[in-house]
Amino acid sequence: MPPRLHPLDRRIGRLAIPALGALAADPLVSMVDTAFVGRLGVTPLAALGVNASIFSLAFVVFNFLAYGTTPMIARAVSRGDRERAGRLAVEALAVAVLAGAGALALLQLFAVPILALMGATGALEAPALEYLRIRALAGPAVLLITAGHGIFRGWEDTRTPLVVTLGLNAVNLVLDPLLIFGLGWGLAGAAIATVIAQWAGAIGFLLLILGPRRERLGVSPRVPSLRDLAPLVRVGGALLVRTLSLIGTLTLATAIATRLGALEVAAHQVATQLWLLLALVVDALAVAAQALVAGASPTDARRVARRLLGWGLLVGVVLAALFAGARPWLPRIFTDDPVAIQRVDALLGFVIWMQPLNALVFVWDGIFMGAEDFRYLALQMVLSGVAAAVVLLLVVPLGWGLTGVWWGLVALMATRAVTLGLRHLRGTPALPRS
């Protein structure tokens, strides 16, 4: 039975429902690519899986451009300081351009050793390298999109990012079959479609922020100095440690799966995409938490947190039930290979029954980001990553196979739940103990 509706629920829904679509930008693009590329065979699908982990590590480490920008702008807006909110927006865009250009250069220079480190050798090397070099061209665009999300969320506007996201995904959905099958470009066609789609999204955000929405957002176009960028970079430092620990753990899981064989990493890629899709549903509540907690008094923040955790747990249970019912046909969306379907099905139990645990973890993440408790988020993620790595590094020597990889992910989420839950019970200055 859902929790009884509360006046706060309308505010949460107004932020969380549009945020659900906006959050799907890059993962949904990857899922569409996975569905089409899966029809090309196991090797292209495995090459895509290796690259998905590489790009997660290369670009998601900069998600502080959203998670750090949102509470900072929300706090400025709650104080009525429109000028400060506008300066933060410009600074976030500047960091996005600089970081995106740097990531692009590094990926092109070190493409071959990066793939070797991921275990993409033999038949996987050539297609994986071609995809990496093309997809890297979207680096600055991905980070501009990330900053755009953070800017609008800080103003409690999640509808605008949703519109941009829908346009971005429509471009990718049209171009994928055209370039992959119509023009016969295969895996390279999927990479080109993604690059075009992500640049379309980035340009859309820039036109809105620097164009018709500029005055309302308090934006004054200027080139910020390095000193101006320092506050955001400091916040980004803690969030960078947090994200590196998380994505590094997921990347390690993919690297271990790669070493088990092409079929195993292909199955792992499909299961991971489903896991990330479900995470987006609850992460929409985390977005609401970032904005609402940042703009609230400590007492009100605690009330918001309790309500969001209740909804998060409910959503997690519902997702588990829905995907349990859909389990028989889920693997067939991504591949028609009978052996691959069997391997994917063996992992779906992990994906499904972790949902209530995942839901609490993601909502807690949003709550503590809104409270700007970034240092603790970094610490608890490092501890969680270490717990997961201990399990993952034993998979190959002890012969645990692909299920061992996913027990490592269970260890990651369980440790996160314990460390975040304890922090919530103890309280923080911005989120005092009840």
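Is Glu-372 buried, partly exposed or exposed? In this predicted model, Glu-372 is partly exposed, its relative accessible area being 31%; the views below begin with this residue and then turn to other helices and loops.

**View 1. Glu-372 in the loop between α17 and α18.** Glu-372 adopts a positive phi of about 55 degrees although it is not a glycine. Most residues other than glycine have a negative phi. With a relative accessible area of 31%, Glu-372 falls between the limits of 20% for buried and 50% for exposed, and is therefore classed as partly exposed.

**View 2. Glu-156 in the loop between α9 (139-154) and α10.** Glu-156 is not a glycine, yet its phi is positive, at about 55 degrees. The relative accessible area of Glu-156 is 22%, so that this residue counts as partly exposed.

**View 3. Asn-169 within helix α10 (residues 159-182).** The side chain of Asn-169 lies 2.9 Å from the backbone oxygen of Thr-165, which it reaches. Asn-169 is buried, with a relative accessible area of 12%, a value under the 20% that serves as the limit for this class.

**View 4. The contact of helix α13 (residues 226-260) with helix α14 (residues 262-294).** Two packed helices are described by the angle between their axes and the distance between the axes. Here the axes come within 7 Å and cross at roughly 150 degrees, which makes α13 roughly antiparallel to α14, because angles over 145 degrees are assigned to that class. From α13, the residues Leu-250, Ala-253, Thr-254, Ala-257, Thr-258 and Leu-260 take part, and they meet Glu-264, Val-265, His-268 and Trp-275 of α14. Sorted by class, this contact comprises 6 nonpolar, 3 polar and 1 charged residues.

**View 5. Helix α18 (residues 374-392) and its surroundings.** The 19 residues of α18, at 1.5 Å a residue, should span 27 Å, and the end C-alpha atoms are 27 Å apart, which agrees. Buried positions in α18 include Phe-374, Tyr-376, Leu-377, Met-381, Gly-385, Val-391 and Leu-392, with the polar residues Gln-380 and Ser-384 also among them. The buried residues of α18 pack against α4 (64-67), α5 (69-78), α13, α17 (355-370), α19 (395-398) and α20 (401-426).

**View 6. Helix α3 (residues 42-60).** For the 19 residues of α3, a span of 27 Å is expected at 1.5 Å a residue, and the end C-alpha atoms, 26 Å apart, agree with this. Helix α3 is mostly covered, with 14 of its 19 residues buried.

Key
Residues are numbered from 1 along each chain as its sequence is written. This is a predicted model: local features need pLDDT of at least 70, side-chain atom pairs count only at pLDDT 80 or more; totals for chains, interfaces and linings use all residues. Side-chain values use heavy atoms; hydrogens and water are left out. Axes are lines fitted to C-alpha atoms, for helices over the stretch in contact, and angles run from 0 to 180 degrees between N-to-C directions. Helices (H or I, at least four residues) and strands (E, at least two) are DSSP runs, numbered from the N terminus. Angles under 35 degrees count as roughly parallel, over 145 as roughly antiparallel, 65 to 115 as roughly perpendicular and the rest as oblique. Contact means heavy atoms within 4.5 Å. Buried means under 20% relative accessible area, exposed over 50%, partly exposed in between (1.4 Å probe, protein chains only). A polar contact is a pair of N or O atoms within 3.5 Å; within protein, one must be able to donate a hydrogen and the other to accept it, and residues adjacent in sequence count only if both atoms are side-chain atoms. The expected span of a helix is 1.5 Å times one less than its number of residues.
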